[in-house]
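Visitor: I am new to this structure and would like to learn how to read it, one feature at a time. Could you show it to me, so that we can begin?

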Amino acid sequence: NSVTSIGDYAFCYCTGLTSVTIGNSVTSIGDDAFYGCTGLTSVTIPNSVTSIENYTFFGCSGLTSVTIPNSVTSIESGAFWGCTGLSSVEAPAVFFNVVEGNWPYFTKILSHVTVNGGELTENELLFINRSYKTLRTLDVSGVTNTEFADEAFKGYYNLQQLVLPAGLQKVSYMMVAGCKNLQSIDIPASVEEIEQSAFEDCRSIQSITFGGAPAGAPGRFNAPATSASQLKKIGNWAFYNAHELQHLDIPEGVTEIGDGAFYGCTYLEDMTLPSSVQSIGDNCFALCAKLTKITCNAVTPPTIQAKTFFDVKRQIPVYVPDEAVSAYEDDTYWQEFDIQGASKMPTGINDVQGNNVQCTKILRDGQILILRGEKTYTLQGQEVK
């Protein structure tokens, strides 16, 4: 720990070197310091270091992971040339600032990336994009970006987890589209708009939260009323084909949900719309044929279109504020549903069982139901007609 610097060529061509621990007092690592150390498999650089010089780890082909603190503000372009086995990187944005002409010298098999500081520029995003086939986790929570370019993470088809920065203000056009294996996402509280097709064809999403709200059951789109979400608008086709979502809770503050926003969410079972919602676009919930219940907290019926709920059964209950029942029953399109006051909403099967009432479990179309007298209910207490 008394060492403050590692000089030029200090361990150059030490091919038998397999690991290195750099003391917390080291502030600089010189040119070519670990040049050609092909036996190195991982390296962690302490936060006392502020710069990494020319060709420091050039040719370290055995290096599979590297951790660089956000104290590092300067990394020369050749510092990691030839590290073709690198698959896991935690580093500030400057690590990815590589001129396109030098890309062949760098790995394109990254599977785990954490960007812990700085601002990701378009060029740095393009560099990360080279690993679109192999990237599985991407954590950009440490960057200062308030927005990313359109299609920034589009087509990362093996990506399973994406962590966005806390200061993000919008999810841009097709920003995460086509990430077919993305399983969870937390949309930061600062996001005010989810633009068109932002998560289009993210068909494996199982859990989405707003503003860091606690995740619900697998498949739950969870946004409790206590969420600090600033979201106002969900754009057209924003979650098109998000097949795996089973439950949907739109956070308070959202006023507009665009055309086809949840088109093709074929496993969606129930959803809650906030009191703030004013309009819901055409085909917004088209093909959501498994919906069994809708809760809408808006006193004034949101504007909907003829095909907003295309292929959704009209027999299902729509629970609205008690004082708004007549308004929904008078609405051209809402009246097609079974409008009920919120006070009539069952909270579970115990609400329909009562005391000393004989209930029988039955299996219908692979679903467990409760038979009580002449009526049939789901396990959540919703009547099946």
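Visitor: How many residues of the second largest cavity's lining are nonpolar, how many polar and how many charged?

Guide: As a general idea, rolling a probe the size of a water molecule over the atoms shows where empty space is left. In this model, which is predicted, the lining of the second largest cavity divides into eight nonpolar residues, one polar and no charged. The residues that line it are F80, C83, L86, V89, F95, F106, T107, L110 and F127, and the space inside comes to about 50 Å³.

Visitor: How many cavities of 30 Å³ or more does a search of the whole structure find, and what lines the largest cavity?

Guide: The search finds two such cavities, and the largest cavity holds about 60 Å³ of space. Its lining is made up of I75, E76, S77, A79, F80, V94, F95, N97, V98 and F106, which by class gives seven nonpolar, two polar and one charged residues. If you compare the two lists, you will meet F80, F95 and F106 in both of them.

Visitor: How should I read the sheets, and in what order do the strands lie in the one that contains β6?

Guide: Strands of a sheet pair through backbone hydrogen bonds, either parallel or antiparallel. Here, an open sheet of four strands follows the order β1-β2-β4-β6, and the pairing is parallel. Because β1 (5–6) and β6 (74–75) stand at the edges with a single partner strand each, one side of each is left without a neighbour in the sheet. Strand β4, residues 51–52, is joined to β6 by two bridges, and S51 has S74 as its bridge partner in β6.

Visitor: Is the pairing parallel or antiparallel in the open sheet with the order β24-β25-β26-β27?

Guide: The pairing in that sheet of four strands is antiparallel, and its edge strands, β24 (360–364) and β27 (383–384), each pair on one side only. Strand β26, which covers residues 375–377, pairs with β27 over two bridges, and T376 stands opposite V384 in β27.

Visitor: How many disulfides does a search of the whole structure find?

Guide: A disulfide is a covalent bond between the sulfur atoms of two cysteines. The search finds zero disulfides here. For C288, the closest cysteine sulfur is in C265 at 5.1 Å, which is too far for a bond, and C288 counts as buried because its relative accessibility is 0%. For C12, the closest cysteine sulfur lies 7.2 Å away in C37, again too far for a bond, while a relative accessibility of 25% makes C12 partly exposed.

Technical notes
Residues numbered from 1 in each chain as written. Predicted model: local features only at pLDDT ≥ 70, side-chain atom pairs only at ≥ 80, totals over all residues. Heavy atoms only, no water. Pairing = 2+ DSSP bridges. Disulfide = S-S within 2.5 Å. Buried < 20%, exposed > 50% of the residue type's maximum accessible area, 1.4 Å probe, protein only. 1 Å grid on protein atoms, 1.4 Å probe; cavity = no way out; pocket = protein on both sides within 12 Å on 5 of 7 lines; lining within 4 Å. Points joined across faces, edges and corners; volume = space filled by probe spheres on them. Nonpolar A, V, L, I, M, F, W, Y, C, P; charged D, E, K, R; others polar.
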